[in-house]
Amino acid sequence: RIPEILPAENAGLSKREELVREVMELEWKQFDKVQNEGGRAACQDDLRTFHIMRLSQYMVWPENLLCSFIADLKAADSRGWNLITEKYGRMMKNTAPEQYRKIENQFPFLSEERLRLQETIILIQVGWMETFAKEFPAIAGGSRKIHSYEDSLYETSYETYLRGEISTYSEETFVQYAGFIMDALKNGRNIAREIMHNTAVLYGYKTLEDAEKSRK
């Protein structure tokens, strides 16, 4: 179920809006099934926040990338695999390394070349977030820490979250995603800033500047 932040299904959605709706529905289905050691997490019962956070990201993705990730989610469903569980598990390499060593063999293998390319893409995005934080320090101060070295057992940084998420992408989706990021860099875009702008607007602010002022 998509809340009022997206048009109703019969509202004449564009192809892109239909793809965004589909990826969010598929992802929520998996997110809802994640099993946590301490029981169900509170965020799993906060559908609206989940959709705002994910919609903010998918609004900037091109159609080809949305299609590829939809295929990933469907393929995972068909084999009983949960990409969201995998994402959180991979994050534990930084946040809970001892526990991670007990589960790392469960995850799909990633080649050294894939890991190297991922780090290139992550470095670009961390740089974008650093630039955003300098321009909007109040918003950034209320968001995730940026760097993996700031991780703790109870707080996961933007970098570590991103690394966990990218690591779940199929080879096809990763190629599409890397192309999207490199094209954005070439054209002077800051994808982190665009996503944060979308988040601010979905929370009711007209601009990032308005959101920044409200936090000071």
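The secondary structure of the protein chain comes to eleven helices and zero strands, with helices (H or I, at least four residues) and strands (E, at least two) taken as DSSP runs and numbered from the N terminus. Read from that end, the order of elements is simply α-α-α-α-α-α-α-α-α-α-α. The model is a predicted one, so local features need pLDDT of at least 70 and side-chain atom pairs count only at pLDDT 80 or more, whereas totals for chains, interfaces and linings use all residues. Residues are numbered from 1 along each chain as its sequence is written, and side-chain values use heavy atoms, with hydrogens and water left out.

On to the chain as a whole. Of its 216 residues, 47% are buried, where buried means under 20% relative accessible area, exposed means over 50%, and partly exposed is anything in between (1.4 Å probe, protein chains only). The accessible surface comes to about 11800 Å², and carbon and sulfur atoms own 53% of that; areas come from the Shrake-Rupley method with a 1.4 Å probe, and for residues only the protein chains shown count as cover. As for contacts (heavy atoms within 4.5 Å), take those between residues at least 6 apart in sequence: 69% of them join residues at least 24 apart.

Salt bridges come next, each being a side-chain nitrogen of Lys or Arg within 4 Å of a carboxyl oxygen of Asp or Glu. By this rule the count is 15. One of them pairs Glu22 with Lys74, with the closest N and O atoms 2.9 Å apart. That pair links distant parts of the chain, since Glu22 sits in helix α1 (residues 15-32) and Lys74 in helix α3 (residues 63-78), 52 residues apart. Glu22 counts as partly exposed because its relative accessibility is 26%, and Lys74 is partly exposed too, at 43%.

Helix α6 (residues 112-135) holds both partners of another bridge, Arg116 and Glu113, which lie three residues apart, about one turn of the helix. Their side chains meet at 2.8 Å, N to O. Arg116 has a relative accessibility of 47%, so it counts as partly exposed, and Glu113, at 43%, is partly exposed as well.

Helix α6 also supplies Arg114, whose side chain meets that of Glu171 in a salt bridge (2.8 Å, N to O). Glu171 belongs to helix α9 (residues 171-186) and Arg114 to helix α6, so this pair ties together parts that are 57 residues apart in sequence. The two ends differ in cover: Glu171 is partly exposed at 48%, whereas Arg114 is buried because its relative accessibility is 3%. Elsewhere, Glu27, Arg54, Lys87 and Glu165 are linked in a network of salt bridges.

Back at the surface, Met53, Tyr203 and Tyr205 form a nonpolar patch with about 280 Å² of accessible area together. Patches are built from residues with over 30% relative accessible area and no salt bridge, joining like charges within 9 Å and nonpolar side chains (Val, Leu, Ile, Met, Phe, Trp, Tyr) within 5 Å. Tyr205 is in the loop between α10 (191-202) and α11 (208-215), and it counts as partly exposed because its relative accessibility is 31%. Met53 turns up again among the neighbours of Thr199, a residue of helix α10. Leaving aside neighbours within four places in sequence, Thr199 is in contact with Ile52, Met53 and Ser56. Thr199 itself counts as buried because its relative accessibility is 13%.
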